[in-house]
Amino acid sequence: MITIGAPRLAGMNPDYLAHALSMFKDGTRLSVVMQPVAQRLSDDDMHALATYFSAQRPPLAPAPHAPSANTISAGKRLAESGVASRMDDAQIEASAAYFSVTKP
Ligand code: HEM
């Protein structure tokens, strides 16, 4: 399998996607790949792309290897409660919202 390090956008929250593109465009989020792409987009383009990608429902990519039970329970704890020492309440809420929209 070829891995390019690009995130899967399918099914993600459209407001999140549009916001990510606008951050790449205005330079508040840095990426050598995405900034040149985003700089060419209008607000309408960004919303159209966000709507398109959020509506896609491709099959899930196969995991390179099955995660261990420990990894699964650590991920669940992180998504639901965060790491108290590193995240504030708003970040924990954002993390929970993120994982709730990325479920198949
Ligand atoms: C071959 C073309 C592309 C490559 C290699 C690529 C690569 C990447 C990479 C590496 C990131 C992570 C950037 C970071 O945070 O450091 C990213 C994020 C992102 N890309 Fe692209 N990208 C491509 C095309 C596109 C296109 C056409 C769109 C149009 C909608 C797009 C939308 C996004 C969005 C919304 C994110 C943020 C996703 C997130 O926060 O989870 N990308 N891309």
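Which residues of α1 are buried? Keep that in mind as you look around this predicted model.

**Stop one: the helix.** Select α1, residues 14-26. This helix has 13 residues and reaches 18 Å from its first C-alpha to its last, close to the 18 Å expected at 1.5 Å a residue. Now color Ala18, Ala20, Leu21, Phe24 and Lys25: these are the buried residues of α1. Turn the view until you look down the axis of α1; the buried residues fall within an arc of 155°, so they line one face of the helix. As a reminder, an α-helix has 3.6 residues a turn, so residues three or four places apart point the same way.

**Stop two: the other face.** Rotate to the face of α1 turned away from its buried side, and select Asp15 and Asp26, the exposed residues carried there.

**Stop three: the cover.** Go back to the buried residues of α1 and show their surroundings: what covers them includes α2 and α3.

**Stop four: past the end.** Step on to glycine 27, which follows α1 and has a positive phi, near 80°.

**Stop five: the ligand.** Select the ligand and the 14 residues that surround it; Ala6, Pro7, Ala20, Ser31 and Leu49 are the closest. The elements giving two or more residues to this shell are α1, α2 (34-38) and α3 (43-54), and α1 gives the most, with 3 residues. Color the shell by class and you will find 12 nonpolar residues, 2 polar ones and no charged ones.

Before you leave, click on Ala20 once more: this residue is among the buried residues of α1 and also among the closest to the ligand.

How values were computed. Residues are numbered from 1 along each chain as its sequence is written. This is a predicted model: local features need pLDDT of at least 70, side-chain atom pairs count only at pLDDT 80 or more; totals for chains, interfaces and linings use all residues. A residue is near a molecule or strand if its C-beta atom, placed from the backbone, lies within 6 Å of it. Helices (H or I, at least four residues) and strands (E, at least two) are DSSP runs, numbered from the N terminus. Ala, Val, Leu, Ile, Met, Phe, Trp, Tyr, Cys and Pro count as nonpolar, Asp, Glu, Lys and Arg as charged, and the others, Gly among them, as polar. The expected span of a helix is 1.5 Å times one less than its number of residues. A residue is buried if 20 or more other C-beta atoms lie within 10 Å of its own, exposed if 12 or fewer, and partly exposed in between; C-beta atoms are placed from the backbone. The arc is that of the directions from the helix axis to the C-beta atoms. Two residues are in contact if their C-beta atoms, placed from the backbone, lie within 7 Å.
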